[in-house]
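Morning, everyone. I have one structure to go through today, so please have a look at it before I start.

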Amino acid sequence: MVDKWAKEWLEQQRKNGEKGLEIKKQGTNHYVYHSKVYWDKNTKKSKKTSQYVGKLDPIKGILKSRKNKDINASSLKNIQEYGISFLFAYLTEDLKEVLGRYFPKHYEEILALSFNFFNDCFSLEEMECRWQNHYISKSINPKLNAESIPGILQKIGENIAGMDLLLTEMKKDKKQYIYEIETQFHLNSTGSIKKMINSKDLQLPFLNYLIILDAESELPIAINYNPCQNEDENNIVDLFDPGTSKKLFISKGNPISPDNQKYLKEKNVNFIRKLIRTNPYYDNDFLPNDHFFHHNSLIKYGKEKHGGSFFYIFDDQDLRASEEKKVYENKNGDFINENYFENYMDRAGKYIFQSNIDVDGPHIFEQFLNDKIVQEIEEKVNRIIYANKSILNTDEKIRGLLFSAFIYLHIYYRFVNLLSKNIPEKNPNTFIARLHALKYIEFEDDEIYTEVTEEFRVFETACGKNIFSDNITKFEIEKLVIGTYDTYKYTKDAFMFPLKDQVVLNTTHESLLRFDENGDLLPYLAESWEVSSDKTTWIFYIRKNLKWHDNMPFTADDVIFTFEYHEKTLGTKYFSNLVSIEKNKENEVVLTFSSADYNILNTISRLPIIPKHIWEKIETKNNISKMFYTKDEKNQAIGVGPYSLKQIDEKKGIIIFEANKKYYLGTPKIKEIILQEYNDYDLMIQDLKNGKLDSIYNYSQGINFYYVPQLIGLSGIQIMNIDSVGPIMALWPNNMKKPFSDKQFRRAISYSINYKEINYTLNAGYGDEPDANLVPNKGFKYYKKSPTLIYDRELASQMLDEMGFEIDSESGFRNDSEGKRLVLNMLTRQSEEGTKLATLLKKYLEDIGLELKIKKMERNDLLNAIYSSKKNPECKTYDLVVVSTTFAGMISDYGYGTTYIGAHNHCGWANYDDPEYLELEKKLQTTTNERSRKKVVEMYQDHLIENLPVIPLYRKKMIQAYDNKYKGYVFDPFYGIFNPETWFNLRKSEKENAGSVKSV
């Protein structure tokens, strides 16, 4: 389906008089062709020809085809085949993770060898050269030079434990056939392998290996290498998965002994063994008594029972004639003696099979001789071994090569099954050969993928997967660089994750639900949910077919594990009334609560789901503080989100994310996001001005208003003014300490503050003067507007006088009601905003005779000092603190800012434990009837307005500045511009008006 903008472009061209233009969409790209229709005199039919014009860009229009340009060595960088690479990547999607688990040091080499075998490159000496011709070489980095490969094969072959574990996993719960295969070569005295050529020898040295097939799919699921011929059926039986009901062992050799037959019977294993021609059974007077035809050849056969086994004799009349002719020729040439001639003539064309299966002879014959896959496997493995016999001088190297060959065979027959199931008329080898025509061409300033033809589109459709299109991803934006200030620093004792880790989690992980830019809840990993009538049981329906970044499946178990991990390992109890969390069905999670909790969905939206298979190995909270700090712990950043973590470099102060092409909602428009840390705010703004940054991000806030005048009118810079949801800068009294426990004292302080001056000084007029209600006027149901807070210094002084806080004549400051010197301490952040605000507040309080000492602290130290200890809130020593709320905080605990106010809540900055207030908190949690809830929310707001446990200073609007070469930034209440809407909405733009301010 051609995109809307491309259709509009085509319509405009036609209006302009252009004829014959057509657009074809490939992946996310649009290509323009010029078509002509003409009359073919020979066929007497109209025909159509199309000439490629160029790629269509939404901004630049047609990018002319390279055919119209002079291509020289400097412009053409690389040509690789991509079709076979993408098919192989699709076929090995799950296998790559399993190999990485059991062969962590050499899984890339195993995959690369398998890939080259898949492409009919069997010689190890040619591996490196052939590998570089394929696009897949961009995604893994194996060592394939001729000097390294023998040592790597040795290491692979030595890892017998890894092979056993992987093969056991592949065999599990499958009905199995085991085939014993012989390869006629041996190690000579010099340690090198040569093919046996002595045709007179009746018994040759063999390299024996067993191949195990899934009896239903005929897919190779295991291989076992035996350095010598295997005569112990007991060992072979052990190769079967114990839980398998259907087991068949097919081999060549001497008869199976009665003891071993008994053992096979006990293990419920059927066997078919073709006896070698030297076996004395061929001398028995054992005559065929029936016949059948096999491929137009007459086969005579008979069956007899001896010692618990059935012996089947087959006399192939065509084979008999052929072998007798050859024996006569050898006799005439004096190559064999009379005794050999007579023995061979008696056995020519005959097969004898021993089995514990009592069936018709044709069934046994077909089972052994007509298994096409086994014959193909034997042929393919022999080609691989013979091509590399000069380096196979140890059993370990043979085992390593056989194992790599098996991985190739497993992948190849996966493909064969897929093709035969969906497009049975297609020949697998022909299909693979045609894939080589799909080329990736890289130039200095561009890249081209040759067009995916119709037959491959049909294959994709039949498989239900865009194998090729999804990988040909042309990103709207290659790299987005965002500057940030102090985001990496973390709070050691706070309940939250470190801020740096929050940024990573928000980008790489997802919650069951999320908020949009308006503060409305949307489905995320949970596609829907239900709740019982009493609001105590919630069922969340998890999206199906989700994958973690490491390709492991995302399941309901991960959701349950996340909740339990936070409580048991981190000590963070998100729900005080959660009774149980269980998996109902494969994609259903059921949460049961002891009582109704209206804020459940808000809380769930704040909990990123983490992968059980990684985090179950992490036991202590100490690991959290360094979640993604080292390369070894990078796997802890594996999520399911639109971006994966590519790199963290603390010295350079950068975090790099790369797009997840397999993201379930589609591929983001930005290929790579770089988050650059700054310790100098001025330098960060300067880099934005100079074009080194595309935008600036600070958690739950925009840029500092101090810098707005510098950016307005600046060429290339655009500014958004966002009416935000949640952030309010406030003065938080410690309500457990005197005199702040007296609401009249708090009210007096509120009157002393010049809110208009603060707004213009701190916000350049972009903020709003506050009312007494902490609840934001946007994004929260049942908001109740209250009168704007009043600045009245005389009234403030009068109230303090009436309360008995008299001014000391010597110091000019007030004493407390007992006549002692009253000195207030206030904590504020060490920042431009914090310093200016503290200076103003100090001036206002001193104007009414209150002495104030200010302590400036780094953000993390400040949060550590003011976060609630919950059990002992009275231990807090500060009098006042100046800090801003966030949207995440406003919806936490019982919502409406309760987390900041209640003394026993997560933050508890106001340290407020008024009984009436605590009762309202409880009602906010448990009242679910909307009519009743409206009354409770209004009563709660009335309490805040009347008692003023917190003094709002200004409602913050967000100023977001960005380079206007891109447009489409979306500001969400949680993480500002750093959110999925931005990653999918951002696009190149024609330059907007420089430095203008847009209200959002």
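Which residue stands opposite K350 in strand 16? That is D315. Before I go further, note that this is a predicted model.

Let me stay with strand 15, which covers residues 309-316. Of its 8 residues, 8 are buried, so strand 15 is largely enclosed by the rest of the structure. In a regular strand the side chains alternate between the two faces of the sheet. Strand 15 is covered on both faces. On one side the buried residues are S309, F311, I313 and D315; on the other they are F310, Y312, F314 and D316. The D315 I began with is therefore one of the 8 buried residues out of 8 in this strand.

Now the partners. Strand 16, residues 350-355, runs antiparallel to strand 15, and 6 bridges join the two. Strand 14, residues 297-306, is also antiparallel to strand 15, with 8 bridges between them. Here K305 is the residue opposite F310. Strands 14 and 15 form a hairpin with 2 residues between the strands, and G307 has a positive phi there, near 55°.

Next, a helix pair. Two packed helices are described by the angle between their axes and the distance between the axes. For helix 6, residues 149-158, and helix 14, residues 395-422, the angle is about 85° and the axes are 7 Å apart. Angles of 65 to 115 degrees count as roughly perpendicular, and helix 6 and helix 14 are therefore described that way. From helix 6 the contact takes in P150, L153, Q154, I156, G157 and E158. From helix 14 it takes in E396, K397, R399, G400, L401, F403 and S404. Sorted by class, this contact has 5 nonpolar, 4 polar and 4 charged residues.

Last, a sheet further along the chain. How many strands does this open sheet have, and in what order? There are 5, in the order 33-32-34-31-35, and the pairing is mixed. Strand 33 (851-857) and strand 35 (951-955) are at the edges with a single partner strand each, so one side of each has no neighbour in the sheet. On average, neighbouring strands are turned by 20° against each other, direction ignored.

Inside that sheet, strand 31, residues 728-733, and strand 34, residues 880-884, run antiparallel and are joined by 5 bridges. P733 has L880 in strand 34 as its bridge partner.

That is what I have; I can take questions now.

Notes
Residues are numbered from 1 along each chain as its sequence is written. This is a predicted model: local features need pLDDT of at least 70, side-chain atom pairs count only at pLDDT 80 or more; totals for chains, interfaces and linings use all residues. Side-chain values use heavy atoms; hydrogens and water are left out. Two strands pair if DSSP finds at least two bridges between them. Helices (H or I, at least four residues) and strands (E, at least two) are DSSP runs, numbered from the N terminus. Axes are lines fitted to C-alpha atoms, for helices over the stretch in contact, and angles run from 0 to 180 degrees between N-to-C directions. Angles under 35 degrees count as roughly parallel, over 145 as roughly antiparallel, 65 to 115 as roughly perpendicular and the rest as oblique. Contact means heavy atoms within 4.5 Å. Ala, Val, Leu, Ile, Met, Phe, Trp, Tyr, Cys and Pro count as nonpolar, Asp, Glu, Lys and Arg as charged, and the others, Gly among them, as polar. Buried means under 20% relative accessible area, exposed over 50%, partly exposed in between (1.4 Å probe, protein chains only).
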